[in-house]
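Got your viewer open and a selection box ready? Here is a short tour of what to pick next and what to look for at each stop.

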Amino acid sequence: MKKNMIHIKKMEIEQYDYVNDENEDKIVEKYAKSIGQLLIHFNNLDHELNQAISHIFCDDAIHQGYSVTKDLMFRNKVELFNDLYTQLIASTDKMKKMIKLNFLYNELLNLNTFRNSVIHANWLTLDEDCYVRTKVIVDKDDGWIKGKMIKITPRMIVVKSRRIDTIIEKISEFTENVCN
């Protein structure tokens, strides 16, 4: 089984969509620390992305870049980062740098998807196998409204938090390499 594989299942939603809030304290105890850690690390990643984008505009100050990124969602910042550095790399020894940029781009999208799943999860739908509803969907096979359930464990969240730290370092190294 692939290490980073996301486990997904669909679950039918009851007529009135009741959740079991009796387990709320247990869920908080089990998940709160790792979710908080993920959010803090992700905020640091967002900051690093702002810095990397700003570095393109001016090497001495971040103000011009921040005026561009201040209203952007994370996904839009990822796209801008990718577009700007693709253009910058086009004038240099691009093959090796493009491979690194594509790697960073895919990692950033993956981390954003995971973070969104954690943030938007309905944690009171957490089942005994650690599947939590992250989205309500229309099942294309049968047309029924179902919950998209993703397996998220505290360990998975901690691993992603550590991955964020690694990607922050890689972004810093990459921007230094490309811009200097």
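Select A52 and show whatever it touches: beyond residues up to four places away in sequence, the list is F81, Y85, I171 and T175. Keep in mind as you click that this is a predicted model. A52 itself is found in helix 1. Is it buried or exposed? At 3% relative accessibility, A52 falls under the 20% cut-off, so it counts as buried.

While A52 is still selected, add T113 and draw a distance between the C-alpha atoms: you should get 21 Å, for two residues 61 apart along the chain.

Next, select residues 154–179, which make up helix 5. With 26 residues, helix 5 reaches 37 Å from its first C-alpha to its last, close to the 38 Å expected at 1.5 Å a residue. Now colour its buried residues: P154, I157, V158, K160, S161, I164, I167, I168, I171, F174, T175 and V178. Two of A52's contacts, I171 and T175, turn up here again. What do the buried residues of helix 5 pack against? Show helix 1 (24–57), helix 3 (74–89) and helix 4 (94–120), and you have the partners.

Hop over to T69, in helix 2 (residues 63–69). T69 also counts as buried, because its relative accessibility is 3%. Setting aside neighbours within four places in sequence, T69 is in contact with N50, I53 and K77. Zoom in on N50: its side chain and that of T69 are joined by a polar contact of 3.2 Å.

Time for a pocket. The second largest one has a volume of about 250 Å³. To find it, select M11, E12, Y18, T125 and R133, which lie nearest its centre among the 14 lining residues. Strand 1 (8–12) and strand 3 (145–151) are the elements that give two or more residues to this lining. Colour the lining by class and you'll see six nonpolar, three polar and five charged residues.

Finally, zoom out and switch to cartoon. The chain has five helices and three strands, and following it along the sequence gives β-α-α-α-α-β-β-α. Its C-alpha trace spans about 55 × 35 × 35 Å along the principal axes. Of the 180 residues, 38% count as buried. If you draw a contact map, take the contacts between residues at least 6 apart in sequence: 69% of them join residues at least 24 apart.

Technical notes. Residues are numbered from 1 along each chain as its sequence is written. This is a predicted model: local features need pLDDT of at least 70, side-chain atom pairs count only at pLDDT 80 or more; totals for chains, interfaces and linings use all residues. Side-chain values use heavy atoms; hydrogens and water are left out. Helices (H or I, at least four residues) and strands (E, at least two) are DSSP runs, numbered from the N terminus. Buried means under 20% relative accessible area, exposed over 50%, partly exposed in between (1.4 Å probe, protein chains only). A polar contact is a pair of N or O atoms within 3.5 Å; within protein, one must be able to donate a hydrogen and the other to accept it, and residues adjacent in sequence count only if both atoms are side-chain atoms. Contact means heavy atoms within 4.5 Å. The expected span of a helix is 1.5 Å times one less than its number of residues. On a 1 Å grid over the protein atoms alone, a cavity is a set of points where a 1.4 Å probe fits but cannot get out, and a pocket is an open set with protein on both sides within 12 Å along at least five of seven lines; lining residues have an atom within 4 Å of a point. Grid points are joined across faces, edges and corners, and a volume is the space filled by probe spheres set on the points. Ala, Val, Leu, Ile, Met, Phe, Trp, Tyr, Cys and Pro count as nonpolar, Asp, Glu, Lys and Arg as charged, and the others, Gly among them, as polar.
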